[in-house]
Amino acid sequence: MTKRHGYALLAAVLAVIVVISGAIYLGVSGTDDGSQDTISASPRSPRNSAAPASSGAWVGSWSASPAGYEPGTERKGFAGRSIRNVVHTSVGGSSARITLSNLYGTTPLSITHASIAIASATNNPTAAPGTLRRLTFDGNTSVVIPPGGQVLSDAARVRVPHDADLLVTTYSPTPSGPVTYHPHARQISYVADGDRTEDERGEAYTEQSPYWRYLAAVDVLSNESDGTVVVFGDSITDGISSTMGANRRWTDVLADRMRDEAGAPRYGVVNQGISGNRILSDGQGRPAVNPSGLSRFDRDVLTRSGVKAVVIALGVNDILRNPHQNNPDRIVEGLRELTRQAHTRGLRVVGATLMPFGGHRGYEPALETVRQSVNQQIRSGQVFDDYVDFDKALRDGYDPRKLRTQYDSGDHLHPSDAGYRRMAETFNLSHLKGSAAAEL
């Protein structure tokens, strides 16, 4: 064969390869591979958008700690009703997955349908057009969660914005009480009769609720966030007294700062505050309603997606609630134990000083002495890797036993919206960077 004939044969082979490749490409590109954020034209039949993670890392965008069971739901739960939880994202991503909890249930919880969508507007049960996604669990649209258990959904491919409201809807056809819930959401969610999980429009959601039910976490697949910071606290972290539906908890402002400020760590922020929570003492029941910080730390911090750092803001209720903990060393040792547990996972720990409660109905001079002792030990640098001095930032300059007036919600314990903002602005974001320090 001459060189000329050889080149001609090679050119012919290459031409055939190009033709075949083009046909394959057209065949593949003509199918729906789930890569677009569109759903079926029928609002009642959204595309099953469960999809494997393609790139990025899973980080926490929102979370709420299961705190107990909802009174009045012991027999029927929410049988035959759809619950549309409204939650606010701290970071966005290209896919989302949820965690559902039946921690306080005494019977199996049957979820036959669940969905996720972007809300069309704040404080609204209507989904933005084209964003509703059916959720699956190991490929199935239904799942049964045993008493005391939880389940993680498959990834749903949906473009989740940061600083936005999500609608997470579940439907259970059968009685399954008591209902696991987070009672102080500071956010209105919605309930509808019947299976309305795949309704884009919100007209059926006529009942409003101040609770989050069953939903414990929302993770996103992100190319922009490096991990998650968990804020572990009590009612002050939970956002009690902040404006309802306005996302003015101090953790919301912290998330804004980490997203917007140059040089800040790019972390999702998840809020694991439980109102009335203490470091040392559990509530009543099994499992305990309002479990202690020590008993829930593994569940609420160490198992969160992509966690890199934890902020601990606990201790006031150990002092203030009956029976009072009058030994500051016991409180500090509990805080040190939380730090030790975090260090076993390589987590950075930032702690907070305890803010004043002078003027509160439970105030006593002896309790103030305990608070001051705890704060002194925190400031010594022997409790956490670093600390944020919320006490100094919010106390009255003329009477350090009290909150400054503009930062006081009026009950002399919980901050106002301005007080919550001041807390977040006080936080040194560089303290969240780096690995865990040596054992304290």
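Reader: Let's fix one term before we start: buried means under 20% relative accessible area. With that in mind, which residues of strand 17 point one way, and which the other?

Author: This is a predicted model, so take everything here as computed. From strand 17, G227, V229, V231 and G233 point one way, while T228, V230 and F232 point the other way, and all are buried.

Reader: Why the back-and-forth pattern?

Author: Side chains in a regular strand alternate between the two faces of the sheet.

Reader: And how many residues of strand 17 are buried overall?

Author: Seven of the seven, so strand 17, covering residues 227-233, counts as mostly covered.

Reader: Which strands is strand 17 joined to, and in what sense?

Author: Strand 18 (residues 267-273) runs parallel to strand 17, with seven bridges joining them. Strand 19 (residues 307-313) is also parallel to strand 17, joined by six bridges.

Reader: Give me some register. What does G227 pair with in strand 18, and what stands opposite F232 in strand 19?

Author: G227 has Y267 as its bridge partner in strand 18. F232 has I312 opposite in strand 19.

Reader: Moving on to helix 4. Which of its residues are buried?

Author: Helix 4 spans residues 293-302, and its buried residues are G293, R296, F297, D300, V301 and L302.

Reader: What covers them?

Author: The cover on helix 4's buried residues includes strands 17, 18 and 19, along with helix 6 (328-343).

Reader: OK, helix 6 then. V332 sits in there; is it buried or exposed?

Author: V332 is buried, because its relative accessible area is 1% and the cut-off is under 20%. Leaving out residues up to four places away in sequence, V332 touches V374, Q377 and V383.

Reader: How far is the C-alpha of V332 from that of G315?

Author: Those two C-alpha atoms are separated by 8.6 Å, with V332 and G315 lying 17 residues apart along the chain.

Reader: Change of topic: the other sheets. What's the strand order in the six-stranded one?

Author: The order is 7-6-11-3-13-14, in an open sheet with antiparallel pairing. Strand 7 (133-134) and strand 14 (207-209) are the edges; each has a single partner strand, so one side of each is left without a neighbour in the sheet.

Reader: How does strand 7 pair with strand 6?

Author: Antiparallel, over two bridges, with strand 6 running from 113 to 118. One pair to look at is I116, whose bridge partner in strand 7 is R133.

Reader: And the three-stranded sheet, what order does that have?

Author: That open sheet goes 2-12-15, again with antiparallel pairing. Strand 2 (68-69) and strand 15 (212-213) form the edges, pairing on one side only. Strand 12 (residues 180-182) meets strand 15 over two antiparallel bridges, and H182 stands opposite W212 there.

Reader: I've clicked on T89. Where is it, and is it buried or exposed?

Author: T89 is in the loop between strand 3 (81-88) and strand 4 (93-101). T89 is buried, at 3% relative accessibility.

Reader: What does its side chain have polar atoms close to, in the backbone?

Author: A polar atom of the T89 side chain lies 2.9 Å from the backbone oxygen of P161. On the D163 side, the backbone nitrogen is 3.1 Å from a polar atom of the T89 side chain. Among the residues T89 touches, beyond those up to four places away in sequence, are S61, H162 and L166.

Reader: Now empty space. How many cavities of 30 Å³ or more turn up?

Author: Three, from a search of the whole structure. The largest cavity has a volume of about 100 Å³, and its lining includes D234, A313, M355 and M423.

Reader: What about the largest pocket?

Author: The largest pocket comes to about 340 Å³. It's lined by 30 residues, and H88, N247, R249, T251 and D252 lie nearest its centre. Strand 1 (57-63), strand 3, helix 3 (250-260) and strand 18 each give two or more residues to that lining. Helix 3 has the largest share, six residues.

Reader: Last one. How confident is the predictor, and where does the pLDDT fall below 50?

Author: The pLDDT averages 90, and 87% of the residues score at least 70. Over residues 1-45 it is below 50, though that stretch has 36 contacts in the model beyond near neighbours in sequence.

Key: Residues are numbered from 1 along each chain as its sequence is written. This is a predicted model: local features need pLDDT of at least 70, side-chain atom pairs count only at pLDDT 80 or more; totals for chains, interfaces and linings use all residues. Side-chain values use heavy atoms; hydrogens and water are left out. Two strands pair if DSSP finds at least two bridges between them. Helices (H or I, at least four residues) and strands (E, at least two) are DSSP runs, numbered from the N terminus. Buried means under 20% relative accessible area, exposed over 50%, partly exposed in between (1.4 Å probe, protein chains only). Contact means heavy atoms within 4.5 Å. pLDDT is the predictor's confidence in each residue, from 0 to 100. A polar contact is a pair of N or O atoms within 3.5 Å; within protein, one must be able to donate a hydrogen and the other to accept it, and residues adjacent in sequence count only if both atoms are side-chain atoms. On a 1 Å grid over the protein atoms alone, a cavity is a set of points where a 1.4 Å probe fits but cannot get out, and a pocket is an open set with protein on both sides within 12 Å along at least five of seven lines; lining residues have an atom within 4 Å of a point. Grid points are joined across faces, edges and corners, and a volume is the space filled by probe spheres set on the points.
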